[in-house]
Amino acid sequence: KVGRTEAARAVRDEMEGRSRHEFVSPFWLATAAAAAGLPDEAIRLAEQAVAEHDPLVLWSRVTPFWDRIREHPGFEGVVRTVWS
């Protein structure tokens, strides 16, 4: 939110790398992608979080971490799956 996209991308890259050999919640991967300005990747990861029953997706409608992807056309599909 403060415009440090390069720092956000570095964090996202580190988390993605770690996810190859240890568990990283898809919710947090989606959050990192959103912060890094990668909305399509964030939606894909949010869908993965739903598919894997990540309990953190229950906060999908209200978490400020996902503010950047709420306007994405695919976001409603993600929350509809969780809340219907």
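In this predicted model, helices α2 and α3 pack with their axes 8 Å apart, at an angle of about 170 degrees. That angle makes α2 roughly antiparallel to α3. On the α2 side, the residues that meet the partner helix are P26, F27, L29, A30, A33 and A34. Facing them in α3 are E41, A42, L45, A46, Q48 and A49. Sorted by class, this contact of α2 with α3 has 10 nonpolar residues, along with 1 polar and 1 charged.

Helix α2 itself spans residues 26-35, and 8 of its 10 residues are buried, so the helix is largely enclosed by the rest of the structure. The buried ones are P26, F27, L29, A30, T31, A32, A33 and A34. What do they pack against? The buried residues of α2 have α1 and α3 as their packing partners. Just past the end of α2 comes G37, with a positive phi of about 80 degrees.

On the other side of α2 in the sequence, S25 sits in the loop between α1 and α2. Buried or exposed? With a relative accessible area of 9%, S25 is buried, because anything under 20% counts as such. Setting aside neighbours within four places in sequence, S25 touches D54 and L56.

Helix α3 also packs with α4. Their axes come within 10 Å and cross at roughly 10 degrees, which makes α3 roughly parallel to α4. From α3, the contact draws on I43, A46, E47 and V50, and from α4 on F75, V78, T81 and V82. By class, this second contact has 6 nonpolar residues, 1 polar and 1 charged. A46 turns up here and also in the contact with α2.

The loop between α3 and α4 holds H53. The phi of H53 is near 55 degrees, a positive value in a residue that isn't glycine. H53 counts as exposed, at 68% relative accessibility.

Aromatic rings come next, and a search of the whole structure turns up 4 aromatic pairs. One of them is F27 with W66, a stacked pair at 4.9 Å centre to centre, with 25 degrees between the planes. This pair joins distant parts of the chain: F27 belongs to helix α2 and W66 to the loop between α3 and α4, 39 residues apart. F27 and W66 are both buried. W28 and F65 also pair up, this time edge-to-face, with the centres 5.3 Å apart and the planes at 65 degrees. Since W28 lies in helix α2 and F65 in the loop between α3 and α4, the pair ties together parts that are 37 residues apart in sequence. W28 is partly exposed at 35% relative accessibility, and F65 is partly exposed too, at 46%. Taken together, F27, W28, F65, W66 and F75 make up one aromatic cluster. F75 has already come up in the contact of α4 with α3.

That leaves the charged side chains. How many salt bridges are there? The count comes to 6. One of them joins the side chains of R12 and E41, at 2.8 Å from N to O. R12 lies in helix α1 (residues 5-19) and E41 in helix α3 (residues 39-51), so this pair ties together parts that are 29 residues apart in sequence. Both R12 and E41 are buried. The pair is also part of something wider: R12, D13 and E41 are linked in a network of salt bridges. E41 has a second role as one of the α3 residues that meet α2.

Among the other salt bridges is the one between E22 and R18, whose closest N and O atoms are 3.9 Å apart. Here E22 is partly exposed, with a relative accessible area of 38%, and R18 is partly exposed as well, at 40%. Another salt bridge brings together the side chains of D67 and R70, at 2.5 Å from N to O. D67 is partly exposed, its relative accessible area being 35%, and R70 counts as partly exposed at 23%.

Technical notes
Residues are numbered from 1 along each chain as its sequence is written. This is a predicted model: local features need pLDDT of at least 70, side-chain atom pairs count only at pLDDT 80 or more; totals for chains, interfaces and linings use all residues. Side-chain values use heavy atoms; hydrogens and water are left out. A salt bridge is a side-chain nitrogen of Lys or Arg within 4 Å of a carboxyl oxygen of Asp or Glu. Helices (H or I, at least four residues) and strands (E, at least two) are DSSP runs, numbered from the N terminus. Buried means under 20% relative accessible area, exposed over 50%, partly exposed in between (1.4 Å probe, protein chains only). Contact means heavy atoms within 4.5 Å. Axes are lines fitted to C-alpha atoms, for helices over the stretch in contact, and angles run from 0 to 180 degrees between N-to-C directions. Angles under 35 degrees count as roughly parallel, over 145 as roughly antiparallel, 65 to 115 as roughly perpendicular and the rest as oblique. Ala, Val, Leu, Ile, Met, Phe, Trp, Tyr, Cys and Pro count as nonpolar, Asp, Glu, Lys and Arg as charged, and the others, Gly among them, as polar. Rings of Phe, Tyr and Trp (its six-membered ring) pair if their centres lie within 6.5 Å; planes under 30 degrees apart count as stacked, over 60 as edge-to-face and the rest as tilted.
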